[in-house]
Amino acid sequence: MKKGVTLLNGQLIMALGIAMVINANLGVFTITLFNLSLSNIFNLGFGFTCMLVELLLMFICFCFKAKIGWATLFNGLLGGYFIDFWLLFIPSPTNILVRLLWLFVGCLAFIYGTYMQGKIGWGKTSSNMLTSIIRKRTGLGITEVKIIQETLFFVVGIIGAASHVGFATLFLVLFFGKMMDVVYGIVGYDPTKVNHKSIFERR
């Protein structure tokens, strides 16, 4: 029960962070840009598009024998709809200082949400699983892997959502991995040392 509450709270905090970054109007996470691009190109709802992308990433990770846990499924199926929910309530500030604050707090919220979900051992988000797979197969650090991963999402994302590209997009491509390093270090969380269980394993 406790882990279920942590999972839900982590998902809500992650979605809140993404919604704050979107409404800061300084640019978005590259995975968000990727989803917005596909949403515009195929005329699909944003939440539904997020779900499809997450399911595709989960399938790729599953092919590399990654453990798909309940947290992975929860995030994949409902994450986009949670973002849609927060976007109904999060204001879009016009003052540049407040917009920068929105961006910074949104990033921290998203990272902390991934920590909450990751520490319970019920599976990582699909994008973080992909990061771990690349790290293990290349020996690169999380900062380097995130730069590569974010750049690929960015290249695809600008095709259908160029209007959402901004200062924050470049900032996140270059420094988001480092922010994760710092936050994870503060809370004492090493995602590579968590033993995640798949949905096929008993709790």
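What volume does the largest cavity have? The largest cavity of this predicted model has a volume of about 230 Å³, and the tour begins there.

**Stop 1: the largest cavity**

Select I18, N35, E54, N75 and I83, which are the closest to the centre of the largest cavity among the 18 residues that line it. Then display α1 (2-24), α2 (30-42), α3 and α4 (70-87), the elements that each give two or more residues to this lining. Of these, α4 contributes the most, with five residues. Colouring the lining of the largest cavity by class will show eight nonpolar, nine polar and one charged residues. A search of the whole structure finds three cavities of 30 Å³ or more, and the next stop is another of them.

**Stop 2: the second largest cavity**

The second largest cavity has a volume of about 140 Å³. Select K124, N128, Y184, Y189 and P191, which lie nearest its centre within a lining of 15 residues. The elements to display here are α5 (96-119), α6 and α8 (167-187), each of which gives two or more residues to the lining of the second largest cavity. The most comes from α6, with four residues. By class, the lining of the second largest cavity comprises five nonpolar, eight polar and two charged residues.

**Stop 3: the packing of α5 and α8**

Keep α5 and α8 on display and hide the remainder. At what angle do the axes of α5 and α8 cross? They cross at roughly 50 degrees, and the axes come within 10 Å. The crossing angle therefore makes α5 oblique to α8. In handedness, the passage of α5 across α8 is a right-handed crossing.

To see the contact itself, show the side chains on both helices. From α5, select L100, L103, F104, C107, L108, F110, I111, Y112, T114 and Y115; from α8, select F167, A168, L172, F176, M179, M180, V183, Y184 and V187, which the α5 residues meet. This contact of α5 with α8 consists of 18 nonpolar residues, one polar and no charged. Y184 in α8 belongs to this contact and is also one of the residues nearest the centre of the second largest cavity.

**Stop 4: the largest pocket**

Turn now from the cavities to the pockets. The largest pocket has a volume of about 370 Å³. Select A66, K67, K124, S132 and K136, which lie nearest its centre among 17 lining residues. K124, named here for the largest pocket, also appears among the residues nearest the centre of the second largest cavity. The lining of the largest pocket divides by class into six nonpolar, five polar and six charged residues.

**Stop 5: the second largest pocket**

Which residues line the second largest pocket? Select F34, V53, L56, L57, L130, I134, I148, Q149, L152, F153 and V156 to display the lining. The volume of the second largest pocket is about 170 Å³. At least two residues of its lining come from each of α3 (46-63), α6 (126-138) and α7 (142-161), and α7 supplies the largest share, five residues. Colouring by class shows 10 nonpolar residues, one polar and no charged in the lining of the second largest pocket.

For a closing view, display α6: this helix gives the most to the lining of the second largest cavity and also supplies at least two residues to the lining of the second largest pocket.

Definitions and conventions: Residues are numbered from 1 along each chain as its sequence is written. This is a predicted model: local features need pLDDT of at least 70, side-chain atom pairs count only at pLDDT 80 or more; totals for chains, interfaces and linings use all residues. Side-chain values use heavy atoms; hydrogens and water are left out. On a 1 Å grid over the protein atoms alone, a cavity is a set of points where a 1.4 Å probe fits but cannot get out, and a pocket is an open set with protein on both sides within 12 Å along at least five of seven lines; lining residues have an atom within 4 Å of a point. Grid points are joined across faces, edges and corners, and a volume is the space filled by probe spheres set on the points. Ala, Val, Leu, Ile, Met, Phe, Trp, Tyr, Cys and Pro count as nonpolar, Asp, Glu, Lys and Arg as charged, and the others, Gly among them, as polar. Axes are lines fitted to C-alpha atoms, for helices over the stretch in contact, and angles run from 0 to 180 degrees between N-to-C directions. Angles under 35 degrees count as roughly parallel, over 145 as roughly antiparallel, 65 to 115 as roughly perpendicular and the rest as oblique. A crossing is left-handed if the near helix is turned anticlockwise from the far one by less than a right angle, and right-handed if clockwise. Contact means heavy atoms within 4.5 Å.
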